[in-house]
Amino acid sequence: DPIQTPHGGRDGEQLAPVGRAGVVDRQLPDGRAAQIAQVGATAEETASEADARFNDGTHYRTLPVAQPTSTPPDKVEVVEIFWYGCPHCYSLEPHISAWKTNNMPAQAELVRMPAALNRGWQIHARVFYTAEALGVLDEVHEDLFREIHGKGKRLDTEESLVEFFERYGVTEEDFMDAFNSFAVQTKLRQS
């Protein structure tokens with residue numbers, strides 16, 4: 001069965017099927033070419049079939065110098081860079097989660113990295129690292145997207161975030177301690 005995702009970002013909307021995994025070449029309105037990765041390969045696709053569809057220099061480039069990763073050397077690090085306020089990230093999240101759960105190869109490891117490109121994005125990156133520090137990231141990750149895009153709540157103030165986290169059994173004191181911690185601030189600077 002194809003993976004499905006909500007289109008339009010509203011709770012309760014119809015789900016539309018999405019195709020197989022791959023890389024799609026697209027022409028952007030400004031004339032530049034782009035390659036867009038699609039995730040969610042069907043279960044019957046084998047690794048060799050997937051390997052045959054992707055070619056170095058066409059679908060990806062081998063870097064001349066290996067880049068540092070946060071995963072063990074025997075793993076392939078797949079990094080999802082996202083912002084909770086991004087509607088495209090919200091639309092892609094069900095595909096990422098389904099791929100991680102159903103189709104991620106054993107040698108792959110998914111690493112999520114919140115983008116902190118400006119002050120407006122930094123609060124959501126802090127929320128990600130706060131949830132991670134509190135041990136509730138798996139519970140709140142998708143709900144943060146739904147709250148922002150499905151319910152129209154911005155979750156961009158400490159007060160709204162405290163209220164959100166209280167629903168997951170996190171006290172205001174615990175949230176604020178983690179949110180303002182050195183560990184969270186350090187990870188924020190690294191992202």
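Guide: Let's start with a term: a disulfide is a pair of cysteine sulfur atoms within 2.5 Å. Keep in mind that this is a predicted model, where local features need pLDDT of at least 70, side-chain atom pairs count only at pLDDT 80 or more, and totals for chains, interfaces and linings use all residues. Residues are numbered from 1 along each chain as its sequence is written, and side-chain values use heavy atoms, with hydrogens and water left out.

Visitor: Okay, how many disulfides does a search of the whole structure find?

Guide: Zero.

Visitor: Why is there no bond between the sulfurs of Cys86 and Cys89?

Guide: Because the two sulfurs are 3.2 Å apart, which is too far for a bond.

Visitor: And is Cys86 buried or exposed?

Guide: Buried, at a relative accessible area of 15%. Cys89 is buried too, at 13%. Buried means under 20% relative accessible area, exposed over 50%, and partly exposed in between (1.4 Å probe, protein chains only).

Visitor: Switching topic: how many residues does helix H3 have?

Guide: H3 has 16, residues 119-134. Helices (H or I, at least four residues) and strands (E, at least two) are DSSP runs, numbered from the N terminus.

Visitor: What sits at its two ends?

Guide: At the start of H3, a side-chain oxygen of Asn118 comes to within 2.9 Å of the backbone nitrogen of Gly120. Just after the helix, Gly135 has a positive phi of about 75 degrees.

Visitor: Which residues of H3 are buried?

Guide: They are Ile123, His124, Ala125, Arg126, Val127, Phe128, Tyr129, Thr130 and Ala131. Their packing partners include strand E5 (76-82), strand E6 (108-114) and helix H4 (137-150).

Definitions and conventions:
The expected span of a helix is 1.5 Å times one less than its number of residues. Contact means heavy atoms within 4.5 Å. A polar contact is a pair of N or O atoms within 3.5 Å; within protein, one must be able to donate a hydrogen and the other to accept it, and residues adjacent in sequence count only if both atoms are side-chain atoms.
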